[in-house]
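Hi,

Here is the structure I promised to pass on. Have a look at it first, and then read my notes underneath.

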Amino acid sequence: MKTLTETIKRVAIENKMDLIGIAPVERYKYAPELVHPCAHLPEAKSVIAMAIRYPDAMFVNAGSGDAESIFSIEVYQNKIIGNFLYNAALRISRILEDKGYKTIPMTVSGRWRVHPYKSILTNWCADFSNRHAAVAAGLGEFGLHSLCITEKFGMRQRFISVITEAELEADPMYSGPPLCDKCMLCVKSCPVKAISKLKTEKLQIGERTFVYLKVDHWRCGWSEQINNVPEEGPLFAGQDQGILPPEEGEITDEMFLSAFYQKNSIVGLQATMTHAMGNCMRMCIPPTLRGKQKYPKNYCLQMMKNRNFTSDNSKNKPSLYRVNPLA
Amino acid sequence: MNCELRKAIIESAKNDCMDLVGFAPGSRFDNVHYRMHPKAHLEDAKTVICIAIRYPIAMYENAGRTKAESYMSLDSYEGNAMISAIQGAAMNITRIIEDFGFKAVPISLGKYRVQPYKDISEPWSQDFRNDVAAVAAGLGEIGLNGVVITPEFGTRQMITSVVTNAELQASPLYSGPALCDKCGKCVKACKMRAFNTEKTIKIKIAEKSFEVFEKDQWRCMWSKKFMLNAEMGPKLHGLNVTIEPPERQINEEDVRKALSEKGAKGGLQTWYTYSMRECERECVPPHLRGKDLVKVHSERVQSQKRREVQI
């Protein structure tokens, strides 16, 4: 299998992947049943995890300079980087099929079961977790925010996975210096308080145990999916009004959709052309990369202090507000 | 007859992940509606190049059927990776043809005129017949379900075409054993009852002719495009909302009302769902039934026994 593993890695690199690792399926022993590799392919023996980096200056400069724009991030993150990942996964799947191994390429993050489904008890759950696959394949480890941090690019990459029945040469799991030192910047700079300071989740992958903070995916999606929080990006396209989720209590489907439509009616045409990018992701630089990677200007954190509420700012219901752009 | 160009087209298709490429002379499109004819796109069209990319075999076979109970991979590869690959391949072929000094028009996928248009009396028409092009270019045959079946992948490929005024050596028409034995599984698999088994339509392509069931495109689209039947896929993503269509002919207003009802009942999950075309998945040509399709494919690749249209 050494030659096949080498071929797969070579093809990944030829197709613009920056990181590639392989996990034997045994490392998924504790994975929930419905998102286990064998739930997709009962004959699964290996999971290939790959990542492509973001152009670093694009990532850092988004929203900065006189351009004050995040259009590049929007296009390259959602379309081009996604297409590169799909292309690499598809080509690798085809090679493995040509060799006679059943193989299923997985989706890039962005498809969800919004509500709990059968034994899946969490909201906003994909059918497979690329970030967990990345950790299992040795590309990195989890930060407090529950996302995968890599040694080489920190948070500045996107992942994809391929499940195959081929028994490929496994890579070791990451065992270098900790990539998260619990600086808490991710928690502090989240404008919707999606990351809990108190509740944690514990899980095991292979021989390693990880603990990260519990993320409320409804809150995260409030900004990331429906662009309701100008400070995380939409402001740079001219959307200075937003709706914050209630500070307390659970967010419901109805609340989420109603906020989406309300925002669209207030913002008008621009609502169809905005983008938000998680501040937790942008502000996280692992200790090993500090000084090498630059921090983006944290407009988000500064502007969060500068909100003018134009509706009743109650803790129990969504509240409309206007953000004052920084001078 | 432009042998170098033909070779360059095959090489380009190969680099772009295509599995099949065939060449059809314009004369094989004589029975096609003039608005969907190659000459409707390029007045002096002489050849149609038809390309196909297979679905990842286990992904297609397992979608919604294994413990993961999910169509997310199928949804994303069909809607992103494969469509980008095949349209990218068509674009690259077009550019090569232009570099050789000829004209070429790449054909689209998945675009429809919802209502009848001028002298096209059918709703949901496309501007070109990729199915006819596939048969004319020797890729395969048309089954009773109206879908292209190839001996290599059955119905499990995506197909598009490039129309050119370059004269290129034609591929032979498929001449092997019949790829549809009228097993009727497609009809049984369609929960929308879109096929009219009482009425067939004859499709004539060069010297080949096929009988296909008349299909009510509105009933088909009710599930395939508008995802209004939970059993065809949405249920597995957590969207358990089925809206029954009226027994009479469906119209646009019916679809609008149904979509609004689905949105009200299904909420946010309506944004993230998929509907499977079981009439296609259930259609496995006789020689591939019961076989391990990955193994069959791999043995064919390794034995180098290939049809002319296979890359």
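**Where the chains meet**

On the chain A side, 36 residues take part in the contact, and chain B brings 31 residues to it. Keep in mind while you read that this is a predicted model. Four elements of chain A each put at least two residues into the side that touches chain B: helix H2 (37-40), helix H4 (71-98), strand E3 (103-105) and helix H8 (253-267). H4(A) gives the most to that side, with 10 residues. If you care about the chemistry there, the side of chain A that touches chain B has 16 nonpolar, nine polar and 11 charged residues.

**Inside chain A**

The domain assignment splits chain A into domain 1 (2-214) and domain 2 (217-323). Taken over C-alpha atoms, the centres of domain 1 and domain 2 of chain A are 24 Å apart. The contact between them draws 32 residues from domain 1 of chain A and 35 residues from domain 2 of chain A.

Which elements give two or more residues to the side of domain 1 of chain A that touches domain 2 of chain A? They are H4 and helix H6 (185-188) of chain A. So H4 of chain A turns up in both places: it supplies residues to the side of chain A that touches chain B, and to the side of domain 1 that touches domain 2. On that domain 1 side, H6(A) gives the most, with three residues. By class, the side of domain 1 of chain A that touches domain 2 of chain A holds 18 nonpolar, eight polar and six charged residues.

**Two backbone angles in chain B**

Some background before the last part: most residues other than glycine have a negative phi. Chain B has two residues you may want to pull up with that in mind.

One is B:Ala206, where phi is near 50 degrees, a positive value in a residue other than glycine. You'll find B:Ala206 in the loop between strand E7 (195-205) and strand E8 (208-215) of chain B. Is B:Ala206 buried, exposed or partly exposed? B:Ala206 has 18 other C-beta atoms within 10 Å, so it counts as partly exposed.

The other is B:Met227, with a positive phi near 55 degrees, again in a residue other than glycine. B:Met227 is in the loop between helix H7 (217-224) and helix H8 (252-266) of chain B. B:Met227 is buried, because 24 other C-beta atoms lie within 10 Å and the cut-off for buried is 20 or more.

Cheers

Definitions and conventions. Residues are numbered from 1 along each chain as its sequence is written. Chains are lettered from A and ligands numbered from 1 in the order in which they are written. This is a predicted model: local features need pLDDT of at least 70, side-chain atom pairs count only at pLDDT 80 or more; totals for chains, interfaces and linings use all residues. Two residues are in contact if their C-beta atoms, placed from the backbone, lie within 7 Å. Ala, Val, Leu, Ile, Met, Phe, Trp, Tyr, Cys and Pro count as nonpolar, Asp, Glu, Lys and Arg as charged, and the others, Gly among them, as polar. A residue is buried if 20 or more other C-beta atoms lie within 10 Å of its own, exposed if 12 or fewer, and partly exposed in between; C-beta atoms are placed from the backbone. Domain bounds come from an automatic or database domain assignment.
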